[in-house]
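This report describes one protein model together with its ligand. Please keep the sequence and the structure in view while reading.

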Amino acid sequence: MWLQQVVLRGVQVVGRRGVCSTVSNGKLPLHFNYINGERVSPLNPDPTQVMKVLEPATGDLLIELETSGPDEVNRAVQSAKEAFTEWSQLTGLQRGRIMQRAAQIIKDRQEEFAYWETRDTGKPIYEARMDIWTAIDAIEYFSGLAPTIAGQHVPLANGSFAYTKKEPLGVCAGIGAWNYPIQMAGWKSAPALACGNTFVFKPSQFTPITAVMLGEVYTEAGLPHGCYNVVQGAGETGTLLCEHPDVAKVSFTGSVPTGSKVMAAAAGGIKTVTLELGGKSPLIVFADANLDNAVGGAMLGNFLSQGEVCSNATRVFVENSVMDQFLAKLVERTGRMKVGDPMDDDTRVGAMIHQDQADKVMTYLDGAKKEGAVVACGGELVTPDDPRLKGCYISPCVLTNCHDNMTVVREEVFGPVVSILGFDTEEEVVQRANNTEFGLAGGVFTNDLTRAHRVIAQMQAGTCYINNFNIIDVAVPFGGFKKSGLGRENGLVTVEYYTQVKTVYVEMGDVDAPF
Ligand code: NDP
């Protein structure tokens, strides 16, 4: 990519750090809110509230954003509220057709989306391409479901009956974290829109770009103005959305402490919430497992997106009798991962989202060493050869000699760090795997299918894997137990989280009143 010139659907990207020709003077425009079908700036911007978005790979300024305050949030919500009448009265088929056109437009522009997603997040371009597809999948999947959303007919005595309807909630708000920006915009907007709701999204202040691009795509596809809106800002903007009286539901992805605040803010209005929160997931490797697959699973479970993944299997429990073989394979394969320029096709570990996150990871590593963990590989700050790559790069790290009470084993690190823990018996490892306040994901590698199902049946986690890890399909629900969240994204069940049931009794005879 470095010296290549890539032409993307009328957009020219020159060189690895080239500039999209849709922007003037080599800068993205200031208009990063998307309201009523167009890019806009806040009406009353507060010059003291401009957020600087740095490019993770280089540390350079990428864009400056104006924070959305109460006026702007209100403007977006009112736009969504006005659009709701028209959108909710279309048939599911009509809504689905518009969404299918949107999915096709993203497919046509997928390289452009991946390019900006990588510049925004620092993740390797090969992963950004996969992320774009997870958004496309969600829009296509829910577009197909839209015409099937229907209620029940319930026969009652004497020919009377009742029926139920699944009605949209109204204006739904989405709030996203910085690790999967386009995926979150897609996973939240697609079911919301398919069910007849309208939508206002607040991306993370660190990754504002592709959610706005998605807005342009929806508009080009024919989505009525106001159905999909984006407001930029930090936590205060998110709170304004949660508390807005015309917002009916909040779907949030982020950390447990913020999820708790979102729930509290939504409680005042008795709003439903979907919470996709953090994790400290276990992966159990039994001695009879295919060890090459288990190592692959442990790496998928830890090193995608620089380890900044909520469902990561950061606690890998390995049966002691195969510990040496497992570790040798894991260390060898981890050591081969290329760390560096996220725009290179063969990079497997890109830049950490920002300096603070890198510092946090390095602090966890220092603490782990002090508590007795041994670094089997990685865990170092890497300086790429290219002098422009001034972001923070950490080589993927395997920690051994770990025990369950270490801070690095108990807390979410959100970096490329895996803790390896030995075990001897099934009973022991199941108890240790569940010994956490989180419950997002869990996995087991074994060739004994009976044991696999027995262990998974006891695992306190919302998303479980047998002989794989961190794979995602839009048709399969995703979400957590315990403090890892409430509700689900993806799969048929998601319709329940974006609709409300109306029951209608129909009397076919006379009213039998005892008065
Ligand atoms: P945060 O919880 O810090 O932030 C998430 C979003 O909430 C951001 O848009 C943030 O704004 C916003 N926000 C912050 N404070 C408030 C508030 N009081 N009210 C409303 N919104 C608020 O998480 P991170 O962005 O740091 O993401 C990392 C976390 O997300 C990790 O814990 C990870 O496990 C979790 N996560 C969970 C996933 C899941 O599906 N379960 C998936 C991905 C991540 P801003 O950042 O702009 O200030």
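## A helix that is mostly covered

A residue counts as buried when its relative accessible area is under 20%, and as exposed when that area is over 50%. With this cut-off, the buried residues of helix α9 are Leu291, Ala294, Val295, Gly296, Gly297, Ala298 and Met299. Helix α9 spans residues 291–300 and is mostly covered, since seven of its 10 residues are buried. The buried residues of α9 pack against two neighbouring strands, β14 (282–285) and β15 (315–319), as well as against helix α10 (323–335) and strand β22 (441–445).

The N-terminal end of α9 is capped by asparagine 290. A side-chain oxygen of asparagine 290 lies 3.0 Å from the backbone nitrogen of aspartate 292.

## Confidence in the model

The structure is a predicted model. The mean pLDDT of the protein is 94, and 94% of its residues reach 70 or more. Residues 1–26 stand apart from this description: their pLDDT stays under 50. For this stretch the model has 57 contacts beyond four places in sequence.

## The largest nonpolar core

The largest nonpolar core contains 66 residues. Which of them touch the most other members? They are Ile106, Ile139, Phe142, Leu214, Tyr218, Leu223 and Tyr228. Helix α4 (residues 125–145) supplies the largest share of this core, with 10 residues.

Leucine 223 offers a view of the packing. Leaving aside residues up to four places away in sequence, leucine 223 touches Trp87, Ile98, Leu193, Tyr218 and Tyr228.

## The surroundings of the ligand

There are 30 residues around the ligand, and those that come nearest are Gly176, Gln205, Ser255, Leu277 and Glu412. Both backbone and side-chain atoms of the protein approach the oxygen atoms of the ligand. A backbone N or O atom of glutamine 205 lies 2.7 Å from a ligand oxygen, and a backbone N or O atom of glycine 235 lies 3.4 Å from a ligand oxygen. In serine 255, an N or O atom of the side chain is 2.7 Å from an oxygen atom of the ligand. On its own, the ligand has 900 Å² of accessible area, of which the protein covers 87%.

## A buried threonine in a strand

Threonine 274 belongs to strand β13, which runs over residues 272–276. Is threonine 274 buried or exposed? Because its relative accessible area is 2%, threonine 274 is buried.

The side chain of threonine 274 makes a polar contact of 2.7 Å with the side chain of lysine 249. Beyond four places in sequence, threonine 274 touches Lys249, Val250, Ser251 and Phe252, and also Leu486, Gly487, Arg488, Glu489 and Tyr497.

## Two loop residues with positive phi

Isoleucine 270 is not a glycine, yet it has a positive phi of about 50°. Isoleucine 270 lies in the loop between helix α8 (256–267) and strand β13. With a relative accessible area of 76%, isoleucine 270 is exposed.

Asparagine 490 is likewise not a glycine and has a positive phi of about 75°. Its loop connects β25 (485–486) and α15 (494–497). Unlike an exposed residue, asparagine 490 counts as buried, at 1% relative accessibility.

## Separation in sequence and in space

Leucine 54 is part of strand β5 (residues 50–54). With a relative accessible area of 45%, leucine 54 is partly exposed. How many residues separate leucine 54 and glycine 391 in sequence? The two are 337 residues apart along the chain, while their C-alpha atoms are 9.4 Å apart in space. When residues up to four places away in sequence are not counted, leucine 54 touches Gly59, Asp60, Leu61 and Leu62.

Serine 41 is located in the loop between β4 (38–40) and β5, and counts as buried at 17% relative accessibility. Serine 41 and valine 154 are 113 residues apart along the chain, and their C-alpha atoms are separated by 50 Å. The side chain of serine 41 also makes a polar contact with the side chain of glutamate 66, at 3.1 Å.

Key. Residues numbered from 1 in each chain as written. Predicted model: local features only at pLDDT ≥ 70, side-chain atom pairs only at ≥ 80, totals over all residues. Heavy atoms only, no water. Core = buried A, V, L, I, M, F, W, Y, C linked by side-chain atoms within 4.5 Å. Buried < 20%, exposed > 50% of the residue type's maximum accessible area, 1.4 Å probe, protein only. Helix = DSSP H or I, 4+ residues; strand = E, 2+ residues; numbered from the N terminus. Contact = heavy atoms within 4.5 Å. Near = heavy atom within 4 Å. Polar contact = N/O pair within 3.5 Å; in protein donor to acceptor, adjacent residues only side chain to side chain. Areas by Shrake-Rupley, 256 points an atom, 1.4 Å probe, with all protein chains shown as cover. pLDDT = per-residue confidence, 0-100.
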